[in-house]
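Hi,

Here is the structure I promised to pass along. Have a look at it first, and my notes follow underneath.

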Amino acid sequence: MESKLNPTAITEKVCMLTWILRKGDLVLKDQMLFGVQHSSNKIDCFVCSFCYRFISSIEHQIGRKLYLQNLGVSTNHECDEGTTSVVAKDWNGSDSSDDEGYSDMVDCQNLGECASSSSVKIPLPMEVVQSLMHEELVLPYSTEFPQPSVIPCRGGCSESYYCSKLCMEADWEMFHSLLCTGTESKSRRKEAMLAFIEHANATNDIFLLAAKAIVSTILMYRKLKAAKLKEQEKYACSEVSDDCDYHMLLEAWKPISMGYKRRWWDCMALPDDVDSCDEAAFRLQIRQLAFTSVELLKEAIFDKECELLFSLEIYGNLIGMFELNNLDLVVASPVEDYFLYVNELPESEKKKAEQVTKPFLNALGDDYSDCCQGTAFFPLQSCMNHSCLPNAKAFKREQDRDGQATIIALRSIHKGEEITISYIDEDLPLEERQASLADYGFSCKCPKCSEEQQ
C-alpha cells in the first residue's frame with residue numbers, strides 16, 4: 001500500500017511581525033514541541049522531564065552531583081536505573097533551618113579552603129555528600145533560591161521526574177505513557193524500550209526525539225479515533241473498524257508536518273575527520289544506525305494502525321527535520337546563581353558563609369556552573385526563514401528559566417517585516433555560507449549574499 005504520509009511535504013511558511021520592535025526586544029517565546037536532555041547532562045543537572053526547569057533544592061542538586069562523582073560515574077555515561085533511583089529520592093527537605101545561625105549545618109571548616117572554584121576537584125567524604133543530598137545539611141542562603149519540589153513519574157520509572165503534577169500529567173498524556181519503563185510497563189515492552197534507550201544513549205539521542213514525535217502521533221491518533229467512536233455510539237452507528245483511518249493519522253501528524261525534512265543520512269554534514277572518499281560509506285553507516293533504532297522502537301511500541309510511522313523513510317526524514325531545525329536546549333543552573341550570590345555578599349557575611357560553602361565549591365570545581373543542556377524542536381522557530389543578515393536570534397535572558405525558545409530582536413523590526421534568523425554562522429565567507437546552506441536545500445539570496453556575489 002502506498003504511503004499517504006508524505007515525509008517531505010512542506011508549505012511555505014513565513015513569520016511576519018504585527019507590531020514594531022526595537023533592538024533587544026522579545027519577539028516571541030516558543031514552547032518546544034519535542035525536547036530531550038542530553039543523557040550525559042542528566043548526571044550534572046536534575047530537571048523536570050517536561051519543561052526542563054531545575055527541581056529540588058540547591059542542597060540536593062549539589063549533593064546528587066557529588067554523590068555520582070564519588071561513585072565514579074562519568075559524565076560521558078548515563079547513570080544506571082539503580083543509581084538514578086538512589087540520587088532522586090528523599091527530595092522533600094525541611095524548612096526548619098535558620099539561614100543566619102546555620103543551626104542544622106555540619107562543620108565543614110576542616111574539609112578544605114579555597115577562594116574560588118578550580119579545575120582540580122577536592123573530594124568530600126561520602127557521609128557529608130549524602131547528608132547534603134538528603135537535605136540533612138542546609139547551606140547558608142540556599143532558601144534565596146527555592147526550586148519546585150520533585151514529582152515522580154506516575155508509571156514508577158526512575159528516569160523521569162517533574163516540577164509539578166501538571167507537567168507530569170502533560171508528559172504522560174503526550175509522550176511518556178508509551179515510553180515509560182516503570183512498574184506499570186509490560187515486561188517485554190519494558191525490555192524493548194530499555195534496549196531502544198540504551199542504543200540512543202550510546203549513538204545519538206536525537207533518536208529519543210524521534211520516538212517522542214512518533215509516540216505523540218500515535219497517542220493523538222488514538223485520541224481522535226476514540227472521539228470518533230464515541231460520536232458513532234451516540235448516533236448508534238454500527239460501522240466500527242479496526243483499520244487505520246488515514247485522514248485521522250494525517251491530522252495527528254499535522255504538528256510535525258511543518259518542519260522542512262530531508263533524510264538524515266542525506267542531510268547530515270560530513271564530519272571533519274571523515275574523508276570525502278569515504279562519504280558514501282559514512283552515509284550508509286548513518287542509515288544503518290537509523291534502521292537499527294527504528295526496529296528497536298518498533299519492538300517496543302508498534303501499533304498496527306500506525307504502521308506507516310515505523311517505515312525507515314518516515315523515520316529518516318523525521319530525524320533529518322530535527323538535524324536541520326533543532327535549537328540547543330539550554331537552561332541556566334540555580335547552583336551557579338547560588339555560588340555567585342555567596343561570592344557577592346558583604347565581606348563579613350561572605351566569610352562566614354564560605355566556611356560552609358567553599359568545600360562544596362572546591363569539590364565541584366569548574367563544573368559548578370553546568371547548565372541543563374539538550375536539543376529541542378520548536379514549531380514557530382522552525383518556520384522562520386534564514387538570512388545572513390538576520391533581524392532576530394535565539395537568546396536566553398536572565399529571567400528565562402525553562403526550556404522555551406526565546407527569540408530576541410537584533411535590530412528594529414517594523415510592522416509587516418518578516419522575522420528572519422540565521423541557520424549558520426553568518427560571519428563565514430560567502431562560499432562557506434552557501435555550502436553550509438546547501439544542506440537545507442536552497443541557495444541564499446539575502447541582501448548580504450546578493451551584494452557579495454556582485
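Below is what turned up on confidence, one helix and the internal cavities.

First, a caveat: this is a predicted model. The mean pLDDT of the protein is 85, and 84% of the residues reach at least 70. Strand S4 (residues 161-162) has the highest confidence, at 98, while helix H2 (residues 81-88) has the lowest, with a mean of 48. Over residues 6-11 the pLDDT is below 50, and that stretch has 10 contacts in the model beyond near neighbours in sequence. Residues 75-86 also stay under 50, with 23 contacts beyond four places in sequence.

Next, helix H10 (residues 312-325). Its 14 residues should span 20 Å at 1.5 Å a residue, and the end C-alpha atoms are indeed 20 Å apart, so the two agree. Of those 14 residues, 12 are buried, so H10 is largely enclosed by the rest of the structure. Among the buried ones are Tyr315, Asn317, Met321, Phe322 and Asn325.

Now the cavities. The count comes to 2 cavities of 30 Å³ or more. I looked at the second largest, which holds about 70 Å³ of space. What lines it? Asp44, Cys45, Phe54, Gln61, Ile62, Lys65, Ser333, Val335, Leu364, Asp367, Tyr368 and Asp370. By type, that lining splits into 6 nonpolar, 4 charged and 2 polar residues. Helix H1 (residues 58-71) gives the most to this lining, with 3 residues.

Shout if anything is unclear.

Cheers

How values were computed:
Residues numbered from 1 in each chain as written. Predicted model: local features only at pLDDT ≥ 70, side-chain atom pairs only at ≥ 80, totals over all residues. Heavy atoms only, no water. 1 Å grid on protein atoms, 1.4 Å probe; cavity = no way out; pocket = protein on both sides within 12 Å on 5 of 7 lines; lining within 4 Å. Points joined across faces, edges and corners; volume = space filled by probe spheres on them. Helix = DSSP H or I, 4+ residues; strand = E, 2+ residues; numbered from the N terminus. Nonpolar A, V, L, I, M, F, W, Y, C, P; charged D, E, K, R; others polar. Expected span 1.5 Å × (residues − 1). Buried < 20%, exposed > 50% of the residue type's maximum accessible area, 1.4 Å probe, protein only. pLDDT = per-residue confidence, 0-100. Contact = heavy atoms within 4.5 Å.
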